[in-house]
Number of protein chains: 2
Amino acid sequence: MTDLVPGFNVPAAIGMAIEDIYTPALIVDLDAFERNVRTMAEFARKAGVRLRAHAKTHKSADIARAQIAHGGACGICCQKTSEAEALVAAGIKDVLVSNEVTDPKMIDRLARLCAKARVIVCVDDAGNVDDLSAAASRHGVTLECLVEIDVGAGRCGVAPGADAVRLAQKIAAAPNLAFSGLQAYHGSAQHLRTFAERRDAIAKAVAMTRDTVAQLDMAGLQCAIVGGAGTGTYEFEGMSGVYNELQCGSYVFMDADYGRIRDANGAPLSTFANALFILTTVMSHAKPDMAVCDAGLKAQSVDSGLPVVFGRDDVTYTKCSDEHGVIADPHGRLRINDRLKLVPGHCDPTCNVHDWFVGVRNGRVECLWPVTARGRAF
Amino acid sequence: MTDLVPGFNVPAAIGMAIEDIYTPALIVDLDAFERNVRTMAEFARKAGVRLRAHAKTHKSADIARAQIAHGGACGICCQKTSEAEALVAAGIKDVLVSNEVTDPKMIDRLARLCAKARVIVCVDDAGNVDDLSAAASRHGVTLECLVEIDVGAGRCGVAPGADAVRLAQKIAAAPNLAFSGLQAYHGSAQHLRTFAERRDAIAKAVAMTRDTVAQLDMAGLQCAIVGGAGTGTYEFEGMSGVYNELQCGSYVFMDADYGRIRDANGAPLSTFANALFILTTVMSHAKPDMAVCDAGLKAQSVDSGLPVVFGRDDVTYTKCSDEHGVIADPHGRLRINDRLKLVPGHCDPTCNVHDWFVGVRNGRVECLWPVTARGRAF
């Protein structure tokens, strides 16, 4: 690693007071983060399912290692071959690419990666099975495959049932491929606002998945892995008796959009705490009731809404442009160089615009974690 | 620079066919890009104003150098001190930070940078003047300052007129600072949809700016720079007789949101061509009328709307999640591994999630330009 120069290629130095961190910066409340990691581990243990934590949220080898060492995770998920490469290079030994890999160049690399770690990939196309098999044969490895079924997300995945069985049979018969089970993630259910909506969506997903597992069984194919679930729905999949691997990611950090979903009592979810913040500085206050902070679109993604100012109800983030956030300050409380902590609207793509997580505890910087796979999009 | 490994830390190799570029990747149509650069140079020359091209769009030293060498630019703008540092380190000699710098650590660095290049900064606060002056004095440099006035954008900037004059006088009297003029950028006017809306918004901005210039003149303060304008409105500021520096950035690339604004005849702007695309690959097509491509939220910013599929009216990008784009394909035309070119919704924050621009011409990769100041947010 090259020299780290705070404020140039890294936002802080270890031991620095929080007040001295360069902004905008992504900070992790280590106490909250560690509680979140333990809480999910505990749930998975009690439910008797494996946790395969999703590294797409954070893209960090340090966090992935913490999830495995202290968070009960059997391995990790990621979404891209280049992410898997970066995480395997950093010591992760069990990786599911919870996505299709179809580009011949990346298939070749995925097969090469099998020599270094357990690698599993999702499949939803018969032609892709041939390509994966050819690459795995070329490199003399066995590549594990999950058949992705669409259980309601409306994105990738074949239909549950007969289509899935046909594809699984093709995988099972293909040289150097192993059929390892089903990918049955219901992405669009995660952020449904009410408990009942999420419960009902996952009940349908569970029914489709159970039926597909049964059909596979009748065809002589066992599912070592039945994977899915996210932070919004993991309790339903976890208690379903059908899923055996949970793929939650956001639980380590949470975000403003997860803050809008409700539990069975109509209250905000309290299981996990906000652990990820954009630290920002007020850099203009030329109008009495409006401040401008230094965290705009290049410090976050606003696809799921604007960030929320943490711990204050007197000021509101109201508008986001490239390098600026407009803060309504009706009582004129803010001053130039005041700091605010923003809960990002959506944690995953927000992490992807930063190079570092700044871990903080008791007012000080305790660690700096690189966003290992930032920009690894291939 | 460390070794470049296509598909790992860089999406292509020079000489590669476009079909072989790793995706998602940011590609630049070099013919369109060069035409855009020349067209803006020609406008500024004819209008008799300087062009200070905005590097916030691209954050690339290569593009900044092209804008100066071939595009008539007298220098560049950027938004952050760390961007300015990165661009000065790459050889740019004349930089306006078109934004306020208030953090004491960054003020110190801004002052240091004055030893290496002409550096100008914007100011909208009296206390900030004292801090800038102290830093410039400490380093024995003269720091040029523009008073930022709010001409309608509703973000940073003091009120035009008396407030601006007071701040200018304070700058002029401060040790080691030079008052160099006004920053009068109307950001929110750039994307107003109709010609008349943009014309009227800038007419008001011009009137406020003209009045402020006159009041400053009566106070004995001359504006060497009266800067502002963007790609949506530059003709109005350029012909105003008041502004003398245009700060356009998006014109080099254009984007889908600029594609929605209309000219005087109600037609899309035709002055500049789309030169920036997200090259993406279809990686799933499990449903007859829907494909999924590999460019999602981590390959772009959707703050100004979804990307538009370039050159095709038979398929539409309809939904964006972290690593996926859903493509409506009602006629089932797409196949797995087909490539599409997406015009990003908003070019600036899209460039900020990529590490490289892949310059293409005649079907081949001609150059690779690093996004020099990517992630430089301080």
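In what order do eight strands of chain B close into a barrel? In this predicted model, the order around the barrel is 2-3-4-5-6-7-8-9, and the pairing is parallel. One step of that ring can be followed residue by residue, since strand 2 (residues 50-54) of chain B and strand 3 (residues 73-78) of chain B run parallel and are joined by four bridges. Within this pair, B:His54 stands opposite B:Cys77, which belongs to strand 3 of chain B. Strands of a sheet pair through backbone hydrogen bonds, and the pairing may be either parallel or antiparallel.

**Confidence and overall form**

The model as a whole scores ipTM 0.97 and pTM 0.97. For chain A the mean pLDDT is 97, and 99% of the residues of this chain reach 70 or more.

Chain A has a secondary structure of nine helices and 17 strands. Its radius of gyration is 22 Å, close to the 21 Å that the globule rule gives for 378 residues, so chain A is as compact as a globular protein of that length. Taken along the principal axes, the C-alpha atoms of chain A fill a box of roughly 70 × 50 × 35 Å. Of the 378 residues in this chain, 59% count as buried. Among the contacts in chain A with a separation of 6 or more, 67% are made by residues that stand 24 or more positions apart.

**An antiparallel pair in chain A**

Chain A also offers an example of antiparallel pairing, in which four bridges join strand 13 (residues 316-320) to strand 14 (residues 325-328). These two strands of chain A form a hairpin, with four residues between them. At one of the paired positions, A:Cys320 has A:Gly325 in strand 14 of chain A as its bridge partner. In a regular strand the side chains alternate between the two faces of the sheet.

**How the two chains meet**

Chain B can be laid on chain A by a turn of 180° and a shift of 0.0 Å along the axis, with an RMSD of 0.0 Å. The two copies are thus related as by a two-fold rotation axis. The contact between them takes 51 residues from chain B and 51 residues from chain A. On the side of chain B that touches chain A, the elements giving two or more residues are helix 3 (81-89), strand 4 (94-100), helix 5 (126-139), strand 10 (276-287) and helix 9 (347-351) of chain B. The largest share comes from strand 10 of chain B, which gives four residues. By kind, the residues on this side of chain B divide into 18 nonpolar, 17 polar and 16 charged. Because 100% of the interface residues of chain B are also interface residues in chain A, the copies meet through the same surface.

**Backbone details**

Several places in the backbone deserve a careful look, and the table sets out two peptide bonds of the cis form.

| Cis peptide bond | Omega |
|---|---|
| A:Thr23 to A:Pro24 | about -5° |
| B:Thr23 to B:Pro24 | near 0° |

A:Pro24 lies in the segment before strand 1 (25-29) of chain A, and B:Pro24 lies in the segment before strand 1 (25-29) of chain B.

Two residues that are not glycines have a positive phi: A:Ala229, where the angle is about 80°, and B:Asn362, where it is about 50°. A:Ala229 sits in the loop between strand 8 (225-228) and helix 8 (234-238) of chain A, while B:Asn362 is placed in the loop between strand 16 (356-361) and strand 17 (364-370) of chain B.

Which of these two residues is buried and which is exposed? A:Ala229 is buried, because 28 other C-beta atoms lie within 10 Å, and a residue counts as buried from 20 or more. B:Asn362 is exposed, because it has 8 other C-beta atoms within 10 Å, and 12 or fewer make a residue exposed.

**An exposed proline**

A:Pro175 is found in the loop between helix 6 (162-173) and strand 7 (177-183) of chain A. This proline, A:Pro175, counts as exposed because it has 9 C-beta neighbours inside 10 Å. If its neighbours within four places in sequence are left aside, A:Pro175 is in contact with A:Ser133 and A:Ser137. The C-alpha atoms of A:Pro175 and A:Ala12, which are 163 residues apart along the chain, are separated by 50 Å.

Technical notes. Residues numbered from 1 in each chain as written. Chains lettered and ligands numbered in written order. Contact = placed C-beta atoms within 7 Å. Nonpolar A, V, L, I, M, F, W, Y, C, P; charged D, E, K, R; others polar. Pairing = 2+ DSSP bridges. pLDDT = per-residue confidence, 0-100. Least-squares fit on C-alpha atoms with pLDDT ≥ 70 in both. Rg over C-alpha atoms; globule rule 2.2 N^0.38 Å.
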